[in-house]
Amino acid sequence: MQKKRPLGLAISLSLLAVITPSAHAADTPDGGTVAGSAAASAAAIDLDRVEVRPQLESQTRAVDLKRSSDAIEDAVSSDAMGVYPDQNVAESLQRLPGVSVTRDQGEGRFVVIRGLDANLNSVSVDGIAIGTPEDSSRAAPLDVIPSDSTERLRVVKSPTPDMPGDAIGGAILVESASAFDREGRNLRGKIEASHQQLSGNTSPKAAINYSEVFADTFGVALGVNYQNRKFESDNTEVEYGEFDGGAEDDLFANSLQQRKYEIERKRIGANLNLDWHPDEDNRYYLRTLYSQFDDAETRQRTIFNFGDGDVTALGSNQYRVDDLPADAIQKRMRYRTKKENTFTTSAGGENRLTNAVVDYKVGYTRTEERVNDEMEARFEYNGDDLGASVDQNSGIPRYTLNSAQWMDNGNYDFDRFVVSPKQVNDSERSAQINVRFDGDSSSYKIGLLGRWRDRDVNVDERELRVGPDVALSDWTTSTPDHRGGSLGQGMSSDAMRRYWAQSGGQYSARPQDAGGNALTSLEEDYTASEDIFASYAMGTWDVGALRIIGGVRVENTQFSATGNSVEVAGNGRSFTVTPLSVSRSYTNVLPGLHLRYDAGNDWVLRAAANKTVSRPSFGDVAPRVGLSRGDEEVRIGNPQLDPYESRNIDLSLEKYIGSTGIVSLGVFHKSIDGYIVNTVSNNDPAYPDFEVTRVINGNKATVKGAEFNWQQQLAFLPAGWDGLLVGASGTWLDTDFDPGVAGRERDDFMLPRASKHVYSAHIGYEKAGFSTRVAAVYRSEYLDSLGDSRAYDIYVAPNTQLDFSMDYKITSNVSVYVEAQNLLDKPLELYQGVRSRTLQNEEYGRTYALGLKVAL
C-alpha cells in the first residue's frame, strides 16, 4: 500500500507555507530578562491582550519556573488561558528532558524520569502525596488526573532537604489553579469531538473553568471536565520456547493469540480552590481535586497453542505442526469495568511574623479501585486434529491451518467461567509545618512532616467449570476487524453478560479446583499501614552570585502488614490458610547540598549532591506465601526488603534566552543500593524441587547520563518568520545493573525500563491569532523484565510518537482547534531476546480531534 503523508503534518506544513511569508502582526517581546514569576505572568498577560499565543505563554511560564527554582527541575505550565500544549498530563510531561512515559492502550499512564521505574517517583497534588490504585506497586498513574484540572506540572530531579526524600527517580508536583493565577474574573470552556481511526468512533470531551478574585483578598477557582472516549486496539501476543527435536537456540512460537479490545473510557474531574489573602503577611487556602476514571473493556481473543502439536523445523524459520489437537485452539471473551477515583484535599496557610515565616498544611488523599464485574468465558475447539505451518520470518509469526472450521463458533465447547473481582483502597493523612528565619543574605529553615497511610487490597479469582453447557453460537456476532489476522466469528459481550445475569448462580468449581481457587483469591490479599515521620534542617546562604543550600533530612518509617500463607495439596482438593503479620521500623538519613551560581549574561550554573530513598512496593513487602504442591511452585513475599537508597550527583549549565528561551546541558550520576528485583530459583534449600519466585534486594545499580534542552522563539528572524518556536531535547543514559540472579552472573544488564536514548522535538508557529505545532518524542528500546536467560528477556521496542495541533482565534473570545495524535500510526511492540521475535504488537491507529474554546 502506498504510504501517504500524515494528514495533520500535511496541514501544518501547508499552513506554514501559506501564512508565514505574508504574516504581519505585533512584534514579539524584546527578549529582556524576567526577574521573577510575577514579571513572567505580566508578560504573558500582555501577550494575551495583543493576540493568542498559547505556546509562547506556556513556554515563558515554564522557563521562569526553572530559572527561579533552587532545585534542579523542569516544568510544564499552562498558558494564560489555562491550556496545555498537550491534553494528557503524562504526555505533557514527556516533552521534558529526561522524561518518558509508559502507555496503556496508547495513552500515557506512568511517567519515567531519567530511565528509572515509575515506582521510584513520588507524585503529589498541591503538596499532598497521592496513592495508587495499582494492587502491588507504588507507581501513581497520571492519566487519572485530567489536565484541565491543573495549572502547573513540575518535575524535581534533585530535591532539596525541605522536600520529601522518596524521589530516587524524581518528584512530580501537580499544582492546581488559584484564582490569584488569573487577573480578575475568568471564565473559559471548551468542547471537543475526537475520532479514532481504528474503531471509527467519535467521542465527546468538555471542560469549564471559572475563577474570580473578590475585593483583592478572596479568590475562588473551580472547574469541571468530562470525557467519554470509545476506541479499539488490535493486539497480537506470542510465547516462544523450545520444542522436542529443536536446537537449543531455536525457539518456536508455542502459543499465538489474536486479541481485540473494545474500550469505553470515561474521565470526570472537578476542582475547587479557595484563597484568602487578608493582607501582605497572611495567606490561607483550601485545595480540593477529584478525578474519576471508568474503563469498560471487552476483550475477545483466539489462542493457537501450536506447541501442543508435533513441531518440525523446516529451516529458514519455517515450521510444520502435525497432529495439533482440537483443544489447542481456544476462544475467550472477557468483560470488566474498572473504576478508579482519586480525591485530594489540603488546607493551610502562611504567616509572616516579626522574625520568621511559618507555613503549615494538613491534607488527606484517597485512591480507590473497583473491579467488581470482571469475568471471562472460555471455550475449546471440538473438531478434528489439525495441521499448521508457521513462518517466523516477519517478526509476528504468520500461520496457516489446513481447515477453516475453527472460525465457526458452533464448533466450540464450553470450558469454564473465570471471575476476577478486585478492590483496592489507599488513603493517607498528613500534617506538616515549616519555619523559616530570614537574614540579610541567609535563611534557615526547619520543618516536621507526618504521613499516615493505610492500604487494603483484595484480589479474588475463581474458576467455575461445573454448570450448564453454553452454546457459543448463541453469542455470535460479525467477525471483528483485526490488523494482525482473523479471530474467527465474533463474540458478543452483551450476550455473555445477559447470560451470566440469568444463569451465573448455577456454576461452581470442581473439587480439584478448590485449592487453586483459594490460592488465587487469598495469596495476593493484604492490608498494610505505613507511618512516616520526617524532620529536616536547612540553611541557605547567598555569597555574591552564589547561592548555597545545605541541610539534612531524617525520615523514620514504621510499617506493618498482614497477609496469608496458602498451601495447596498435590491433588488440588484441599488447602490450608495461615494468617501472617509483620512489622518493621527503619530510619534514613538524607543529606543534601545544592549550589546555584548566576554567572551573568543570563548564565546559571547548578550543582547538587544528595541522598534519596524509595520504599519497597507494598505488594513486594507484604507477608504472603502461595505454594502449590501439584505444580511444585511457590511465590513468596519479602517483608525484610530494605528500601532503595541512592547517592546522586547533578551538574547543569543553563543559558537563558530572554524570557522565553533556554539552552541547558546537564550530567548526572546515581548509585542505587539494594535495587529490588524479582528472582526465580530452583535450588532454594527451604523448598527443594520447587520453583521459587521471590523478590530480593539486588546488589547495585548505577545510572549515568546527560540531558540537553533547547527551546526558543526565533524572534530575530524577519517579520512573518519571527513567529516560529522551536525546541529539542535529548537524554543519554548508561546504566549498569547487577540483579544477583543465580546462573546469570556473567551477563550484563541494562536497568529495567531505562531507555538509552530519549529525544523530543517540536516546531511551532504563532502569529495573528494562529498557532500550530508539530511535536515528536522518541524512546529507544528498554528491558521490561528478566527471564531465565538472554533468550527469554523481554524488551520494549523503540517508539516514536508524532502529534500535531492547530489553534485559530476566530474572535477575541472564541477559538477553534484541531489535533492529531500518533500520526505515524506506531504500535506498542515487545520482543523476546532478539528483535525478530515479536512478543506483543498492539496497534491503536491515529486519533483526530476538533474543538471549540470560549474565554470570557
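**Helix 3 and two strand arrangements in the predicted model**

Of the 15 residues of helix 3, 14 are buried, so this helix is largely enclosed by the rest of the structure. The model described here is predicted. Helix 3 comprises residues 54-68, and at 1.5 Å a residue its 15 residues should span 21 Å; the C-alpha atoms at its ends are 21 Å apart, in agreement with that expectation. Helix 3 lies across strand 1 and strand 6 (152-158), and runs at about 160° to strand 1.

Strands 1 and 6 belong to an open sheet of five strands, in which the order is 1-6-7-4-5 and the pairing is mixed. Strand 1 (72-77) and strand 5 (128-129) occupy the edges of this sheet; each has a single partner strand, so one side of each is left without a neighbour in the sheet. Within the sheet, strand 4 (residues 121-125) and strand 7 (residues 170-175) run parallel and are joined by five bridges. Ser124 is placed opposite Leu173 of strand 7.

A further set of pairings involves strand 39. This strand spans residues 770-779, and eight of its 10 residues are buried, so strand 39 is largely enclosed by the rest of the structure. Strand 39 pairs with strand 38 (residues 757-767) in the antiparallel sense over 10 bridges. The two strands form a hairpin with two residues between them, and Ala768 in the turn has a positive phi of about 50°. Strand 39 also pairs with strand 42 (residues 799-809), again in the antiparallel sense and over 10 bridges. Tyr778 of strand 39 is the bridge partner of Tyr759, and Thr800 in strand 42 is the bridge partner of Tyr778.

Conventions
Residues numbered from 1 in each chain as written. Predicted model: local features only at pLDDT ≥ 70, side-chain atom pairs only at ≥ 80, totals over all residues. Heavy atoms only, no water. Helix = DSSP H or I, 4+ residues; strand = E, 2+ residues; numbered from the N terminus. Expected span 1.5 Å × (residues − 1). Buried < 20%, exposed > 50% of the residue type's maximum accessible area, 1.4 Å probe, protein only. Pairing = 2+ DSSP bridges. Contact = heavy atoms within 4.5 Å. Axes fitted to C-alpha atoms, helices over the stretch in contact; angles between N-to-C directions.
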